[in-house]
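Please look over the sequence and the model shown here before reading the short report on them.

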Amino acid sequence: MHFWMVQSLNSLALGAVLFTLAAGFSLIFGLMRVANLSHGAYFMLGAYLGYSALEHGWGFGGALLLSAGVVGVLGVVVERFVLRRLEGNSLAQVLATLGVAFIVDDASLWLWGGDPQSVSPPHFLRGASSLAGLIFPTYRLAVIAFSVLLFLALWLLLERTRVGVMIRASVDDMAMARAIGIPASRLYTLVFFLGTALAGLGGTVAAPILSVYPGMDADMLPLALVVVILGGLGSLGGAFLGSVLIGFIYSFGQSWLPNLSYIILFLPMVIILAVRPRGLLGRISG
């Protein structure tokens, strides 16, 4: 029973990390129909920026703001000067995002070197806490709580604000949204900033759990893609549900059958998509 409970909490912590990455990916794809393959690189860049900010004494709050802000601005630059010029050519856009990923990878390797870097959680979240008789790292519990609060904040943004209404309308029918005067160009920029900022923020949040190392984008992006596809492209609730499911599947799979972890990860996705091709909570109409 102790193993099951501890592993379940580890699964929730991994799911929480995946949600910070997958939420932004889902928002960008839902509105722009762009499979942003540089999203994992933004996540890694956010982790490195957070590490550097902490090394220079900024504190964890400053590290979060720096990583989210810088990565979000980089995302806006890519959207306005690269992706917008390729609008209507989805294949070229995907290849462009892949190229951006390679550039960020090499730049990170040049700036920070190839050695893994450990990141300490904030002082007040270090150590362990007792939860129902279990001793579990306090920071991981905080990350789980943070992901829930992030989901609620994004849900309120999408469901209870004017901007959210415009985003949802554009996701459902972009042609009609343009016809009624929704400024699609500015909306694209806003959503790309938000999505990439979430990836940068997620990188810093995940750094004390995963550490920071070259190639972490290649490790995390496939998991995020599985989350988004399984939950349903363009669905925030689907991204949250998919993150929890993949967190459990991947964590328990690694514990029980580490040599078959990718089979255990992808086989349920294939089965679910065979039954529900649009994912668990898919809402994109075309």
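The report below takes up confidence, then the largest pocket, then a surface patch.

This is a predicted model, in which local features need pLDDT of at least 70, side-chain atom pairs count only at pLDDT 80 or more, and totals for chains, interfaces and linings use all residues. Residues are numbered from 1 along each chain as its sequence is written, and side-chain values use heavy atoms, with hydrogens and water left out.

The protein averages a pLDDT (the predictor's confidence in each residue, from 0 to 100) of 87, and 96% of the residues score at least 70. The two extremes among the helices (DSSP runs of H or I, at least four residues, numbered from the N terminus) are tabulated.

| Confidence | Element | Mean pLDDT |
|---|---|---|
| Lowest | helix 7 (residues 174-179) | 73 |
| Highest | helix 2 (residues 39-55) | 95 |

The largest pocket holds about 310 Å³ of space. Of the 17 residues lining this pocket, L14, L210, Y250, S251 and Q254 are the closest to its centre. A pocket is an open set of points on a 1 Å grid over the protein atoms alone, where a 1.4 Å probe fits, with protein on both sides within 12 Å along at least five of seven lines; lining residues have an atom within 4 Å of a point. Helix 1 gives the most to this lining, with six residues.

On the surface, F3, W4, W256, L257, L260, I263, L267, V270 and I271 form a nonpolar patch (residues with over 30% relative accessible area and no salt bridge, nonpolar side chains being joined within 5 Å). Helix 11 gives the most to this patch, with four residues.

Conventions
Patches are made of residues with over 30% relative accessible area and no salt bridge: like charges are joined within 9 Å, nonpolar side chains (Val, Leu, Ile, Met, Phe, Trp, Tyr) within 5 Å. Accessible areas come from the Shrake-Rupley method with a 1.4 Å probe; for residues, only the protein chains shown count as cover. A salt bridge is a side-chain nitrogen of Lys or Arg within 4 Å of a carboxyl oxygen of Asp or Glu. Grid points are joined across faces, edges and corners, and a volume is the space filled by probe spheres set on the points.
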